[in-house]
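Biologist: I'm new to reading models like this one, and I'd love a close look at the first helix and what sits around the chain beyond it. Could you take me through it slowly?

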Amino acid sequence: MPELPEVETVAQSIKKHIEGASFSSMSVNWAKVLHNFSLSDFNRDVKGNIINSVHRRAKYIIIEMDRAILAVHLRMTGKLYVSSTIDENKKHISAYMNFRDKYLVFEDVRKFGRFYLFRNMDYLNNKLGVEPLENDFSESWLLQNIKKRNRQIKSLLLDQSFVCGIGNIYADEALWYAKIHPQTISSSISRKKIIKLRIGIIKVLKESIKRGGTTIRDYTYDFSYVGNYALKLNVFGKEGSSCPRCHSLIIKTKVSQRGTHYCVKCQKK
DNA sequence: CCATGAACCTGGTCGC
DNA sequence: TGCGACCAGGTTCATG
């Protein structure tokens, strides 16, 4: 499911409920959901620890306590939400934690989502690239680093060790904004278009956060809340319709194994 | 370094 | 209605 704006929305929505509280227990229905720790690790390192902060890093939801960090990655279909009951009719609850008189529930149809337990942020910080909404995603940084690489630009944008948080929707939207064909080799993109691409990335991510993210295919990422950035999409899922800018055809192809949408006229190779 | 394909899972949709 | 093929907002690993 979720890319940076959706993960940000989820992190903000659970933050107000769990900051200052502590988890008293965890139940696991799908064992693989715990990626690098066990329930006894949870009981030793997480249980009873006050939650100091909840925020997002890349596409991870970070739950920070004094001596431990719980990180949650939603992958394709994960939902993380606060609820006062556990609905026994739901078939895909992978795990849940108890705090105060409520639960933090992790529901995940495809079971790709994972929980991680870390002592600090070193592991994630080492593997993840720059945050696109932070200051270090600067014009000079992007100009320099895009030129250094020789990859199809869409594939580079999806690479979390380069810039993190961008996924399939926002890659297509940002490339459309900058009028770049998704298969253009990064080193050959003009300075002018790189500058435009940076603006496009920031713009689509920020506007989506403002609207609570994108919800498509009936898929809601929070308990019941539906983000409405889908209304603002220009190319993603718009194959067969006309480009909002030049009225030519939007087509869908595959680029680096992912469905990819672009305008045949304003995004030429 | 870069591209490709498979694997991890379930469910919805489309064509016959 | 049924069935198979294909698709899905992500990541990782192996291979060439």
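Modeller: Let's start with a word I'll lean on: two residues are in contact, or touch, if their C-beta atoms, placed from the backbone, lie within 7 Å. Keep in mind that this is a predicted model.

Now to your helix. α1 runs over residues 4-18. You can check its length: at 1.5 Å a residue, the 15 residues of α1 should span 21 Å, and the C-alpha atoms at its ends are 21 Å apart, so the two agree. Just past the helix, G20 takes a positive phi of about 90 degrees.

Which residues of α1 are buried? They are L4, P5, E6, V7, E8, T9, V10 and I14. These buried residues pack against the strands β2 (51-57), β3 (60-65), β5 (78-83) and β7 (102-108), and against helix α7 as well.

That last partner deserves a zoom. Helix α7 covers residues 191-210, and its axis comes within 8 Å of the axis of α1, with the two crossing at roughly 35 degrees. The crossing is right-handed. On the α1 side you'll find L4, P5, E8 and T9, and they meet L205, S208 and I209 of α7. Sorted by class, the residues of this contact come out as four nonpolar, two polar and one charged. A handy rule for looking at helices: an α-helix has 3.6 residues a turn, so residues three or four places apart point the same way.

Moving along the chain from α1, have a look at N29, in the loop between β1 (23-28) and α2 (39-45). N29 counts as exposed because just 12 C-beta neighbours lie inside 10 Å, and 12 or fewer is the cut-off. Still, N29 has company: leaving out residues up to four places away in sequence, it touches I93, S94 and A95. As for I189, which is 160 residues from N29 along the chain, the two C-alpha atoms are separated by 48 Å.

For contrast, try C263 in strand β10. C263 has 24 other C-beta atoms within 10 Å, so it is buried. Again leaving out residues up to four places away in sequence, C263 touches W176, V235, C243, C246, S248 and I250. V226 sits 37 residues from C263 along the chain, with 28 Å between their C-alpha atoms.

Two loops also have a backbone detail to spot. K111, in the loop between β7 and β8 (114-118), has a positive phi, near 65 degrees, without being a glycine. K111 is partly exposed, because it has 15 other C-beta atoms within 10 Å. S256 is not a glycine either, and its phi is positive at about 45 degrees; you'll find S256 in the loop between β9 (250-255) and β10 (258-263). With 17 other C-beta atoms within 10 Å, S256 is partly exposed too.

Finally, the DNA. How many residues surround DNA strand B? There are 13, and the closest are R110, R149, N150, R151 and Q152. By class, that surface has two nonpolar, five polar and six charged residues.

Technical notes:
Residues numbered from 1 in each chain as written. Chains lettered and ligands numbered in written order. Predicted model: local features only at pLDDT ≥ 70, side-chain atom pairs only at ≥ 80, totals over all residues. Near = placed C-beta within 6 Å. Nonpolar A, V, L, I, M, F, W, Y, C, P; charged D, E, K, R; others polar. Axes fitted to C-alpha atoms, helices over the stretch in contact; angles between N-to-C directions. Helix = DSSP H or I, 4+ residues; strand = E, 2+ residues; numbered from the N terminus. Left-handed = near helix turned anticlockwise from the far one by under 90°. Buried ≥ 20, exposed ≤ 12 C-beta atoms within 10 Å, placed from the backbone. Expected span 1.5 Å × (residues − 1).
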